[in-house]
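Visitor: Hi! I'd like to talk through this model with you. Shall we start at the ligand?

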Amino acid sequence: MTMITNHMPTVELQAIDAAHHMHPFTHGADLNAKGVRVITRAKGVTLTDSEGNEILDAMAGLWCVNLGYGREELAEVAARQMRELPYYNTFFQTTHVPAIALAEKLAQLTPGDLNHVFYAGSGSEANDTNIRLVRTYWAEKGSPEKKIIIARKNGYHGSSVGSASLGGMTPMHEQGGLPIEDIHHIDQPHWYAEGGDMDQGEFGLMRARALEEAILELGEDKVAAFIGEPVQGAGGVIIPPETYWPEIQRICDKYNILLIADEVICGFGRTGNWFGSETFGIKPHIMTIAKGLSSGYAPIGGSLLCDEVAEVINGCEFSHGYTYSGHPVTCAVALENLRILDEEKIVEKAGKEIAPYFKEKWETLADHPLVGEARIVGHMGSIALTPHKESRAKFASDAGTAGLICREHCFANKLIMRHTGDRMVISPPLVITKAEIDTLVSRAHKALDQAHAQLKTEGLLKAAS
Ligand code: PXG
């Protein structure tokens with residue numbers, strides 16, 4: 001077998017990757033023809049690729065490396081735990097110290113009485129758990145017909161059959177016959193794209209009341225839960241109007257519907273507080289966590305349950321669990337990550353000291369001719385590309401064409417910024433410094449200038465009619 005190392009020429013690595021590795025959310029043949037980018041190492045907010053390029057990772061990997069890359073302590077803890085107890089399950093009336101200690105830490109950090117964790121290996125698994133949890137909860141309470149979960153169009157909750165059904169991504173539903181039964185999608189609180197001439201506050205209320213309408217239409221006795229991301233991440237960092245979440249909360253309370261906050265992206269400091277639920281005043285019964293929980297150093301997810309829901313679930317045998325529920329190594333790594341985020345006051349500093357500076361700088365991008373709006377909350381931001389600022393027009397070209405062009409210019413300027421459709425999104429590590437924010441924004445500006453020039457040359461600056 002060939003020893004594959006970081007020192008191999010990029011083209012050889014690309015050829016082996018093309019031959020054997022299938023990538024998520026990727027047109028495989030196109031990528032193989034182009035050649036994949038190979039990342040070899042990372043430190044802080046900076047990635048190094050196999051060509052020696054140093055790239056500012058404004059996406060924290062995939063919204064997850066909140067702590068930044070290269071923290072030795074996490075490697076140490078993982079090695080120590082692997083030597084002591086690399087694996088044991090939590091099924092047959094057993095437990096171990098990492099699972100116990102992390103559960104206690106999570107209960108302390110999370111708001112309200114979210115005191116109980118059911119571990120999973122990812123955000124998708126945790127949301128699958130949630131589907132079974134809320135239905136089991138109502139069945140145990142004598143209402144087995146309360147099964148429908150209401151979610152939102154353009155929401156993202158994962159890629160497994162259950163979690164992708166909760167998500168409102170049409171291209172995902174088109175592959176494989178989704179959604180599963182008893183999932184209902186309502187419109188999203190995306191004022192910029194869908195608000196027209198409406199006042200933002202009014203629009204937020206209207207989109208929240210779509211939940212009430214759905215409950216009344218489907219029947220209060222049939223609806224189990226509502227799930228939403230405090231801020232839609234993969235959907236394009238859609239920060240809802242201020243009126244939205246309080247109204248959702250009121251409706252869930254009024255109709256006795258469980259509220260699930262999917263904090264896979266928003267959790268662990270992303271929105272300026274430990275949890276997006278704190279930033280937006282949400283009181284969830286269940287919270288989905290993953291990503292920033294371990295800063296991506298090890299795969300882990302979980303569902304946090306409030307006292308009442310946990311009590312009901314604990315009153316039966318919940319026939320559910322994963323081999324890696326509460327894996328000792330990932331729990332130990334997550335615990336160390338939380339210790340550092342907490343003790344070094346990384347979440348606090350990011351929210352109080354850095355976020356206001358970040359906001360000021362990020363919002364300067366709104367002055368760019370290609371940008372219709374620049375929004376940010378905490379360390380999670382987006383810009384909308386548009387051919388016509390005043391009318392917030394969409395491009396005449398296929399959605400995502402302008403976004404992709406802009407993303408390629410970002411790469412060329414050593415900046416990783418993602419596009420979702422024609423929206424550019426960022427979510428850098430929380431340890432990003434003010435100087436690095438300056439670099440991020442100036443590279444983004446340069447990439448926007450270049451994208452603008454290219455769109456103009458190619459005749460793509462046309463608004464959709
Ligand atoms: N919920 C939310 C809110 C997410 O953002 C998941 C659940 C699923 O987590 P796992 O760990 O199963 O991936 C996510 C994941 C993107 C992108 O392109 C976003 C995610 C995953 C992959 C790509 O923005 N979010």
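Guide: Happy to. One thing up front: this is a predicted model. A good place to begin is Ser 124, where a polar side-chain atom lies 2.5 Å from an oxygen atom of the ligand.

Visitor: And what does Gly 123 put 3.0 Å from an oxygen atom of the ligand?

Guide: For Gly 123 that is a backbone N or O atom.

Visitor: Okay, which ligand atom does the side chain of Asp 262 approach?

Guide: A nitrogen atom: a polar side-chain atom of Asp 262 lies 2.7 Å from it.

Visitor: How much of the ligand's accessible area does the protein cover?

Guide: The ligand has 540 Å² on its own, and the protein covers 85% of that.

Visitor: Which elements give two or more residues to the shell around it?

Guide: Those are helix H3 (60–63) and helix H6 (123–140). H6 gives the largest share, 3 residues.

Visitor: How many residues surround the ligand, and which come nearest?

Guide: There are 16 around the ligand, and the nearest are Trp 63, Gly 123, Ser 124, Asp 262 and Arg 418.

Visitor: What's the mix of nonpolar, polar and charged in that shell?

Guide: The shell has 6 nonpolar, 6 polar and 4 charged residues.

Visitor: Zooming out, which domains does the assignment give?

Guide: The domain assignment lists domain 1 as 37–70 + 346–457 and domain 2 as 73–343.

Visitor: Where does the ligand lie relative to those two domains, and why?

Guide: Domain 1 and domain 2 both give residues to the shell, so the ligand lies between them.

Visitor: How far apart are the C-alpha centres of the domains?

Guide: The C-alpha centres of domain 1 and domain 2 lie 26 Å apart. As for contacts, 34 residues of domain 1 touch 35 residues of domain 2.

Visitor: And how much area do the domains bury between them?

Guide: About 2,700 Å², with 59% of it on carbon and sulfur atoms. On the domain 1 side, Val 347, Met 380 and Arg 392 supply 27% of the area buried against domain 2, which is more than any other three residues.

Visitor: Changing topic to the backbone: is the peptide bond from Leu 178 to Pro 179 cis or trans?

Guide: The bond is cis, with omega near -5 degrees. Pro 179 sits in the loop between helix H8 (170–174) and strand S6 (183–186).

Visitor: Last one: what is phi of Lys 291?

Guide: Phi of Lys 291 is near 35 degrees, a positive value in a residue other than glycine. You'll find Lys 291 in the loop between strand S9 (286–289) and strand S10 (301–305).

Terms used
Residues numbered from 1 in each chain as written. Predicted model: local features only at pLDDT ≥ 70, side-chain atom pairs only at ≥ 80, totals over all residues. Heavy atoms only, no water. Near = heavy atom within 4 Å. Polar contact = N/O pair within 3.5 Å; in protein donor to acceptor, adjacent residues only side chain to side chain. Areas by Shrake-Rupley, 256 points an atom, 1.4 Å probe, with all protein chains shown as cover. Helix = DSSP H or I, 4+ residues; strand = E, 2+ residues; numbered from the N terminus. Nonpolar A, V, L, I, M, F, W, Y, C, P; charged D, E, K, R; others polar. Domains from an automatic or database assignment. Contact = heavy atoms within 4.5 Å. Buried area = accessible area lost by both parts, 1.4 Å probe.
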